[in-house]
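Me: I should like to discuss a protein structure with you through a short series of questions. Please reason through each answer before giving the final value or name.

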Amino acid sequence: MGSNAGGFDFELVKRNALLEAKGVPPPRAWKTGTTIAGVIYKDGVVLAADTRSTSGSTVADKNCEKIHFIAPNIYCCGAGTAADTENVTAMVSSHLELHKYATGRQARVVTAMTLLKSHLFRYQGHVSAALILGGVDLHGPHLFTIFPHGSTDALPYATMGSGSLNAMAVFEAGYKDDMSREEAMALAARAIRSGVYNDLGSGSNVDLCIITAGGVEYLRNYEFLQAKTYSRVFPVKYPPGTAPVLKTKVTLSEVAVIEGVESMETDS
Amino acid sequence: MADYDVTQSYMQDISLGTSIIAVSFKGGVVLGADSRTSSGSYVANRVQDKITPLADTVYLCRSGSASDTQAIASYVQYWIAEHQAEKNGPVDVSTAANLAMQLSYNNKNMLQAGLIIAGWDKQGGGSVYAIPLGGTLLKVPYTIGGSGSAYITGWCDKYWRDDFTEEEARAFVVKALTHAIARDASSGGCVRTVTITQAGVKRDFIPGTKLAATFGELPTPASR
């Protein structure tokens, strides 16, 4: 498409300008709206997220995955522009895999944190990724928040995204040190539910990810909150007798039977 | 309402609203800071540690932009580690302060960082350096910084003395921060202090509920 002159091709700029003049607005970047949360408990970290992705005020993806893989022992929830969170977490994940082969050791959560914060600081906030990074390494469980401008905080519980105030309210009321696994899961899920129900940018379902020294449990769609109450069946199957039969008339027609086979042109 | 729209809020840089202070006494220094970081009008972290180690006996108080000051601290920590390896000994406070000043001054257009560097070394004993916005380097007996410092300049001028003992210096720091937190909306949370002497480093933490009530404030209820 476009010329073969090499370099950048700006043909579509003219088309976009024309469309905009005609009243067709350009599509907005998909943001994750979002409620994400993380909490440290006795044996590890629980990360939680909703699953709504928005483009302006339209829901672009009703069931997207916001908990991204960084390393076998490190996961990262992402809020902000979906493309930015996806790509920056994928980049750091690849970087850490190379790092693992170079060092011969399990990745540390602070390494992932430093890689992410250096990248985001270099781009001065234009990479719109607000992240909650959690994992367990040789020093125990860690939970960090990383803001788009590159600042980080180490906290026992954290929330981010448009629903962060709703989720933080739940955490501030219900958090205690050394919770059990079930308590931590219940608290994190409640925090996300609070965002799903009270924040317009968050919705659909709750994903959970529990990381311990022993391994990771990724509970995709742990809770279905806004499941459809009615699912349409298509094509519709009407049971016989739905339409009352008033009159029946049977006509036999002449049917011509052709012997032999008519083949299609298969090689041309 | 831009203030309460959190989707816009966290895209604003995290600001260390802040009240920070450092006071030298005979034999060492006391650094103090509040613990609130804000994103617009939302408190992003209410228990932030704004006193960052640069070396074993040199610490940094950060105010201004959280990301800028964390980045500066990272660079200075790295250069000091290199320097100490080459020197084969602990860094002088003045060296650490100069390194931070160079970064702050040479990038003055891009950074928003108010720093206080304080520590102990054999040459100078306890020293305090202030590096406000713009990158000036000032060696001072005590200094205050951050948005909350404006409310306590008079109080500090009146009650500071140049012959504090370690306990008096720490009490001065805590009282100053209590007053700053009371009047500045961007400061709050708890009060953290770090005392550095030849003997080493002592960290202290006073929860917000344990701070003395200032004029007009109700004292914390017994149940908390």
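Me: What is the radius of gyration of chain A, and what would a compact globule of 268 residues have?
Reply: The model is predicted, and its values are computed from the coordinates. Along its principal axes, the C-alpha trace of chain A spans about 85 × 60 × 45 Å. A compact globule of 268 residues would have a radius of gyration near 18 Å, whereas chain A has 27 Å.

Me: Why is chain B described as being as compact as a globular protein of its length?
Reply: Chain B contains five helices and 13 strands. For its 224 residues the globule rule gives 17 Å, and the radius of gyration of chain B is close to this, so the chain is as compact as a globular protein of that length, at 17 Å.

Me: What percentage of the residues of chain B count as buried?
Reply: A residue is called buried when its relative accessible area is under 20%. The C-alpha trace of chain B spans about 50 × 40 × 30 Å along its principal axes, and the chain exposes about 10,700 Å². Of its 224 residues, the buried portion is 51%.

Me: How many residues of strand β6 of chain A are buried?
Reply: Strand β6(A) covers residues 74-80. In a regular strand, side chains alternate between the two faces of the sheet. On one side of β6(A), A:Ile74, A:Cys76, A:Gly78 and A:Gly80 are buried, and on the other A:Tyr75, A:Cys77 and A:Ala79 are buried as well. Both faces are thus covered, and the count of buried residues in the strand is seven of seven.

Me: Which residue of β6(A) is the bridge partner of A:Phe69?
Reply: Strand β5(A), residues 67-71, pairs with β6(A) in the antiparallel sense over four bridges. A hairpin of two residues joins β5(A) to β6(A). Within this pairing, the partner of A:Phe69 is A:Tyr75.

Me: Which residue in β7(A) stands opposite A:Cys76?
Reply: Strand β7(A), residues 129-137, runs antiparallel to β6(A), and seven bridges join them. A:Cys76 is one of the buried residues of β6(A). Opposite A:Cys76 in β7(A) stands A:Leu133.

Me: How far apart are the mean positions of the positive and negative charges of chain A?
Reply: Chain A has an accessible surface of about 16,100 Å², of which 57% belongs to carbon and sulfur atoms. The chain carries 24 positive and 26 negative charges. The distance between the mean positions of these two sets is 6 Å.

Note on methods. Residues numbered from 1 in each chain as written. Chains lettered and ligands numbered in written order. Predicted model: local features only at pLDDT ≥ 70, side-chain atom pairs only at ≥ 80, totals over all residues. Heavy atoms only, no water. Buried < 20%, exposed > 50% of the residue type's maximum accessible area, 1.4 Å probe, protein only. Pairing = 2+ DSSP bridges. Rg over C-alpha atoms; globule rule 2.2 N^0.38 Å. Areas by Shrake-Rupley, 256 points an atom, 1.4 Å probe, with all protein chains shown as cover. Lys, Arg positive; Asp, Glu negative; His and termini not counted. Charge placed at Lys NZ, Arg CZ, Asp CG, Glu CD.
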